[in-house]
Amino acid sequence: MENEKKVLLEMNGGISESAEAMPATESVCVASKKNKKVLLGMSGGVDSSVSAILLKEQGYEVIGITMELFKDEEDSSSVVDAKRICDYLNIPHYTVNFKDRFSKYVIDNFICEYKNCRTPNPCIECNKHLKFGAMYEKAKELGADYIATGHYAKIEYSEEYSRYVLKKSASSKKDQSYVLYGIPKEILSKIIFPLSDFENKDEIRNIAKEKGLSIASKPDSEDICFIPDGNYKKFMEEKYDIKKNLGNIVNKAGKVLGKHNGLYNYTIGQRKGLGISNPVPLYVLGFNKEKNEVIVRRKT
């Protein structure tokens with residue numbers, strides 16, 4: 001446990017053993033991070049770019065890595081932007097092709113979940129299998145001590161659980177811990193989130209501007225990365241030949257209230273877009289896949 005605590009101190013800029021023994025009048029000696037390698041996932045965006053700056057300032061030897069995940073123009077531009085930032089910051093940059101893994105663990109799962117009347121979150125699968133799976137394996141190949149990303153989340157050592165735990169970041173609006181819960185707990189001590197203590201995105205953009213980064217004003221990516229236009233229904237119908245199978249919308253008693261245009265177009269809890277005229281709002285309660293029905297009910 002003591003060794004793990006030292007790692008936490010080192011990750012968070014804590015004091016070294018020699019510093020703890022210093023008289024109170026002496027300046028605190030920050031634990032040296034020199035020669036500690038960090039493999040940083042870089043998307044070409046402002047968050048990962050500022051993360052690189054912060055890690056360098058903290059004394060880490062930073063290595064940038066960009067994962068090619070799918071065939072798309074945006075994917076290519078991310079590689080170009082990330083490489084440009086790494087050159088500007090004078091840090092090495094690697095590009096790795098993880099398209100097959102991404103297709104298997106993220107896109108195939110995405111399609112499968114919709115086919116089974118469940119609403120997927122592809123970011124959770126990507127973080128688990130790619131950013132904190134395949135990238136972690138790559139970090140070990142490169143001899144890196146830690147991996148890092150520009151996520152808004154925090155990792156701390158818990159005395160209660162005697163291990164490292166994932167926690168919310170300082171920014172309640174930007175917190176991303178909810179898509180990181182799938183990270184194996186065994187590797188939490190090897191992860192750094194440089195943006196964990198920032199409260200808003202303006203602070204990050206200001207750092208980028210002060211450092212002269214060309215991507216300081218680059219918009220955030222909000223859509224599903226492999227569906228840039230956000231139209232997942234069109235994506236599944238055109239690229240995966242999923243056909244609309246029209247059916248009934250019913251209440252819990254089985255009374256037909258309307259028609260649906262394919263189960264994958266609905267999600268549990270949905271209220272808008274049901275196409276039903278009713279005195280009180282109705283919400284999607286669930287599905288009967290065998291009967292091809294969407295089940296709705298009033299809010300309790």
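Me: What share of the 300 residues in the protein chain is buried?

Reply: Buried residues account for 45% of the 300 residues in the chain. Please keep in mind that this is a predicted model. The accessible surface of the chain comes to about 16700 Å², and 47% of that surface belongs to carbon and sulfur atoms.

Me: How many helices and strands does the protein chain have?

Reply: The secondary structure comes to 8 helices and 11 strands. Of the contacts with a separation of 6 or more, 61% are between residues 24 or more positions apart. An individual pair can be inspected in the same spirit. The C-alpha atoms of Leu69 and Arg101 are separated by 8.0 Å, with the two residues 32 apart along the chain. Leu69 belongs to the loop between E2 and helix H4 (73–89), and Leu69 counts as buried because its relative accessibility is 10%, where the limit is under 20%.

Me: In what order do the strands of the open sheet of 5 strands stand?

Reply: Read across the sheet, the order is E3-E2-E1-E4-E7, and the pairing is parallel. Strand E3 (93–97) and strand E7 (191–192) are the edge strands, each pairing on one side only. Inside the sheet, strand E1 (residues 37–41) runs parallel to strand E4 (residues 146–148), and 3 bridges join them. One bridge to look for links Leu40 with its partner Ala148 in E4.

Me: Which strands does helix H6 touch?

Reply: Helix H6 (residues 122–141) packs on the sheet and touches E1, E2, E3, E4 and E7. The direction of H6 makes about 140° with that of E4. Helix H3 can be described in a similar manner: H3 lies across E1, strand E2 (61–68), E4 and E7, and runs at about 170° to E1.

Me: At what angle do the axes of helix H3 and helix H7 cross?

Reply: The general idea comes first. Two packed helices are described by the distance between their axes and the angle between them. In this structure, the axes of helix H3 (residues 46–57) and helix H7 (residues 201–210) come within 9 Å and cross at roughly 65°. The crossing of H3 past H7 is left-handed. On the H3 side, the contact is made by Val46, Asp47, Val50 and Leu54, and on the H7 side by Lys201, Ile204, Arg205, Ile207 and Ala208. By type, the residues of this contact are 6 nonpolar, no polar and 3 charged.

Me: Why is one side of strand E9 and of strand E10 left without a neighbour in the sheet?

Reply: Consider first the whole sheet, an open one of 4 strands in the order E9-E8-E11-E10 with mixed pairing. Strand E9 (256–260) and strand E10 (282–288) stand at the edges and have a single partner strand each, so one side of each lacks a neighbour in the sheet. On average, neighbouring strands of this sheet are turned by 30° against each other, direction ignored.

Me: How many bridges join E10 to strand E11?

Reply: There are 6 bridges between E10 and strand E11 (residues 293–298), and the two strands run antiparallel. Gly286 has Ile295 of E11 as its bridge partner, and Phe287 stands opposite Val294 in E11. Another antiparallel pair is formed by strand E5 (residues 154–158) and strand E6 (residues 163–167), joined by 5 bridges. There, Ser158 stands opposite Arg163 in E6.

Me: Which residue takes a positive phi in the hairpin of E5 and E6?

Reply: Most residues other than glycine have a negative phi. Exceptions therefore deserve attention when one reads a model. The hairpin of E5 and E6 has 4 residues between the strands, and Ser162 takes a positive phi near 55°. The hairpin of E10 and E11 also has 4 residues between the strands, and there Asn292 takes a positive phi near 55°. Asn292 counts as buried because its relative accessibility is 12%.

Me: Where does Cys117 lie?

Reply: Cys117 is in the loop between helix H5 (99–115) and H6. Its phi is near 65°, a positive value in a residue other than glycine. Cys117 is buried, with a relative accessible area of 16%.

Terms used. Residues numbered from 1 in each chain as written. Predicted model: local features only at pLDDT ≥ 70, side-chain atom pairs only at ≥ 80, totals over all residues. Heavy atoms only, no water. Pairing = 2+ DSSP bridges. Axes fitted to C-alpha atoms, helices over the stretch in contact; angles between N-to-C directions. Left-handed = near helix turned anticlockwise from the far one by under 90°. Contact = heavy atoms within 4.5 Å. Nonpolar A, V, L, I, M, F, W, Y, C, P; charged D, E, K, R; others polar. Buried < 20%, exposed > 50% of the residue type's maximum accessible area, 1.4 Å probe, protein only. Areas by Shrake-Rupley, 256 points an atom, 1.4 Å probe, with all protein chains shown as cover.
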